[in-house]
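Reader: I would like to go through a small protein with you. Can we take it by question and answer?

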Amino acid sequence: MKILLDSNAYSAFMRGAPSVRGLIQAAEEVLFSAVVVRELLYDFRQGVHFKRNLAEL
């Protein structure tokens, strides 16, 4: 199964939401659209942990 995450689902996963975590763990492939990657990078740059967030992504 392939899944396409939006930025809200990624954030939920990083917060440890069980429903999202389960879907991601069951997936063979996790995909992001270019728009979602841009949103995440923008948000990372606004925070103080840019390098850590980027490495986790």
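What follows is a set of questions on the fold, the cores, the pocket and some single residues of this predicted model.

Reader: Start with the fold. In what pattern do the helices and strands follow each other along the sequence?

Author: The protein has four helices and two strands. Strand S1 covers 2-5, and strand S2 covers 29-32. Read along the sequence, the pattern is β-α-α-β-α-α.

Reader: What share of the residues counts as buried?

Author: The C-alpha trace spans about 30 × 25 × 15 Å along its principal axes. The cut-off for buried is under 20% relative accessible area. Of the 57 residues, the share that counts as buried is 26%.

Reader: Among contacts between residues at least 6 apart in sequence, what share joins residues at least 24 apart?

Author: One example of a long step along the chain is Leu 4 and Val 36, which are 32 residues apart. Their C-alpha atoms are separated by 9.8 Å. For the contacts you ask about, the share is 58%.

Reader: Which element gives the largest share of the largest nonpolar core?

Author: This core has eight residues: Ile 3, Leu 5, Ala 9, Ala 12, Phe 13, Val 20, Ile 24 and Ala 27. Strand S1, H1 and helix H2 (18-26) each give two or more of them. The largest share, three residues, comes from H1.

Reader: How many residues does the other core have?

Author: It lies apart from the largest one. Among its members are Tyr 10, Val 36, Leu 40 and Phe 44. Its residue count is five.

Reader: Which elements cover the buried residues of H1?

Author: In H1, the buried residues are Ser 7, Ala 9, Tyr 10, Ala 12 and Phe 13. The helix itself runs over residues 7-14. What covers those buried residues includes S1, H2, S2, H3 and H4.

Reader: Now the ends of H1. Which residue takes a positive phi just after it?

Author: At the start of H1, a side-chain oxygen of Asp 6 reaches to within 3.2 Å of the backbone nitrogen of Asn 8. Just after H1, a positive phi of about 90° is found. The residue that takes it is Gly 16.

Reader: Is Ser 7 buried or exposed, and which side chain does the side chain of Ser 7 make a polar contact with?

Author: Ser 7 has a relative accessible area of 15%, so it is buried. Leaving aside neighbours within four places in sequence, Ser 7 is in contact with Val 36, Glu 39 and Leu 40. The polar contact of its side chain, at 2.8 Å, is with the side chain of Glu 39.

Reader: On to the largest pocket. Which element gives the most to its lining?

Author: The lining is made of Ser 7, Tyr 10, Ser 11, Met 14, Leu 40, Asp 43, Phe 44, Arg 52, Asn 53 and Glu 56. H1, helix H3 (34-46) and H4 each supply at least two of these. The most, four residues, comes from H1.

Reader: What is the volume of that pocket?

Author: Take the chemistry of the lining with it. The residues divide into four nonpolar, three polar and three charged. The volume of the largest pocket is about 170 Å³.

Reader: Why does Asn 53 count as buried?

Author: Asn 53 is found in helix H4. Leaving aside neighbours within four places in sequence, Asn 53 is in contact with Tyr 10 and Phe 44. Buried means under 20% relative accessible area. Asn 53 counts as buried because its relative accessibility is 19%.

Reader: What is the relative accessible area of Phe 50?

Author: Phe 50 is in helix H4, which spans residues 50-56. Beyond its neighbours within four places in sequence, Phe 50 is in contact with Leu 41, Phe 44 and Arg 45. Phe 50 is partly exposed, with a relative accessible area of 26%.

Reader: Last one. Is Leu 4 buried or exposed?

Author: Leu 4 lies in strand S1. Not counting residues up to four places away in sequence, Leu 4 touches Leu 31, Phe 32 and Ser 33. The cut-off for exposed is over 50%. Leu 4 has a relative accessible area of 60%, so it is exposed.

Definitions and conventions. Residues are numbered from 1 along each chain as its sequence is written. This is a predicted model: local features need pLDDT of at least 70, side-chain atom pairs count only at pLDDT 80 or more; totals for chains, interfaces and linings use all residues. Side-chain values use heavy atoms; hydrogens and water are left out. Buried means under 20% relative accessible area, exposed over 50%, partly exposed in between (1.4 Å probe, protein chains only). Contact means heavy atoms within 4.5 Å. A polar contact is a pair of N or O atoms within 3.5 Å; within protein, one must be able to donate a hydrogen and the other to accept it, and residues adjacent in sequence count only if both atoms are side-chain atoms. On a 1 Å grid over the protein atoms alone, a cavity is a set of points where a 1.4 Å probe fits but cannot get out, and a pocket is an open set with protein on both sides within 12 Å along at least five of seven lines; lining residues have an atom within 4 Å of a point. Grid points are joined across faces, edges and corners, and a volume is the space filled by probe spheres set on the points. Ala, Val, Leu, Ile, Met, Phe, Trp, Tyr, Cys and Pro count as nonpolar, Asp, Glu, Lys and Arg as charged, and the others, Gly among them, as polar. A nonpolar core is a set of buried Ala, Val, Leu, Ile, Met, Phe, Trp, Tyr and Cys residues joined through side-chain atoms within 4.5 Å.
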